[in-house]
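Biologist: I work with cysteines at the bench, and I'd love a close look at how they sit in this model. Please take me through their surroundings, then step back to the rest of the chain.

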Amino acid sequence: SAGSDLMLVAVGPDTVDAFSVALDRDAHYYVYCLYANEHRTGRTGTFTRSLDYGVSWESGTDWWNAWDPCISHTTGSTIHCAWRYALSGGEIHYSYNRHYGMSGFWSTHRVVSSGTDQCFDPAVVQTDSSPESQAALWVFYTVGRRDTATLDLQYSVSWTGGRDWAPGLPFGDPLRAYDPTIYHHRPYSKAYVINLPNWYAQSHPDEDFAETFAVWLTQSPEEW
């Protein structure tokens with residue numbers, strides 16, 4: 001924008017096709033970035049961080065076989081990363097760091113997807129709860145089915161802060177007939193959140209989950 005300076009994060013001859021940025025808002029406003037070259041496999045990316053509001057950046061940590069990178073910070077010292085596995089394209093991998101992204105403290109990579117279909121665009125989010133090592137955590141991603149021309153939404157969940165995962169869960173029953181303009185609703189039911197008008201969360205299992213998640217992101221439980 002006018003009057004602001006551009007700050008370089010990565011400089012060199014390599015290509016940067018995709019990147020993800022997260023801001024630590026707890027006390028010091030560290031900034032984290034994971035960027036990737038999606039034209040090859042092997043060492044495709046770099047994780048780096050800035051400890052001075054983005055003015056300067058560390059040399060970074062090599063990231064291997066990562067496409068579609070996603071990085072997230074919620075609270076405390078934990079950084080979450082999820083990415084599409086470049087060697088096959090059919091897996092979503094995940095790693096966490098509980099030391100503000102410090103080099104040498106990344107967890108073992110976990111496969112959080114299921115099946116062999118192509119996966120794309122993971123997004124990772126953690127509940128703002130304590131202790132963060134036991135916080136609930138989700139990774140959402142799309143799956144391209146070989147027998148259809150559509151993409152399905154799936155998610156994986158961890159109730160142990162990212163150590164163990166229940167992978168490849170569907171949003172409701174994706175085979176159920178879906179016409180969001182025709183559905184029966186229960187206006188006084190307390191089993192559904194109210195986010196969009198006309199009790200839209202009751203239109204389909206996929207929408208029930210999506211609307212509940214949208215409310216969780218924007219409202220406190222007291223407001224539900």
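Modeller: Happy to! Let's start with Cys81, which is buried at a relative accessible area of 0% (buried is under 20% by a 1.4 Å probe on protein chains only, exposed is over 50%, and partly exposed lies in between). A quick word on the source: this is a predicted model, where local features need pLDDT of at least 70 and side-chain atom pairs count only at pLDDT 80 or more, while totals for chains, interfaces and linings use all residues. Residues are numbered from 1 along each chain as its sequence is written, and side-chain values rest on heavy atoms, without hydrogens or water.

Does burial come with a bonded partner, or without one? For Cys81, the closest cysteine sulfur belongs to Cys70 and lies 8.0 Å away, so the two are too far apart for a bond. The search through the whole structure turns up zero disulfides (a pair of cysteine sulfur atoms within 2.5 Å). Cys33 fits that picture, being in no disulfide. Its nearest cysteine sulfur is the one in Cys81, at 9.9 Å. Cys33 also counts as buried, with 5% relative accessibility. In short, Cys33 and Cys81 are both buried, and no disulfide is found anywhere in the structure.

Now for the nonpolar cores (sets of buried Ala, Val, Leu, Ile, Met, Phe, Trp, Tyr and Cys joined through side-chain atoms within 4.5 Å). The largest has 13 residues, and Ile92, Tyr94, Val112, Val124, Val139, Tyr141 and Trp165 touch the most other members. At least two residues of this core come from each of β7 (92–97), β9 (118–126) and β10 (137–144). Of these strands, β10 gives the largest share, with four residues. Elsewhere there is a second, separate core of twelve residues, with Trp63, Ala66, Ile71 and Trp83 among them.

Stepping back to the chain, its secondary structure amounts to twelve strands and one helix (DSSP runs numbered from the N terminus, with H or I of at least four residues for helices and E of at least two for strands). In sequence order the pattern is β-β-β-β-β-β-β-β-β-β-β-β-α, with the helix coming after the strands. Across the 224 residues of the chain, 44% count as buried, and Cys33 and Cys81 are two such residues. As for links along the chain, consider contacts (heavy atoms within 4.5 Å) with a separation of 6 or more: residues 24 or more positions apart account for 41% of them.
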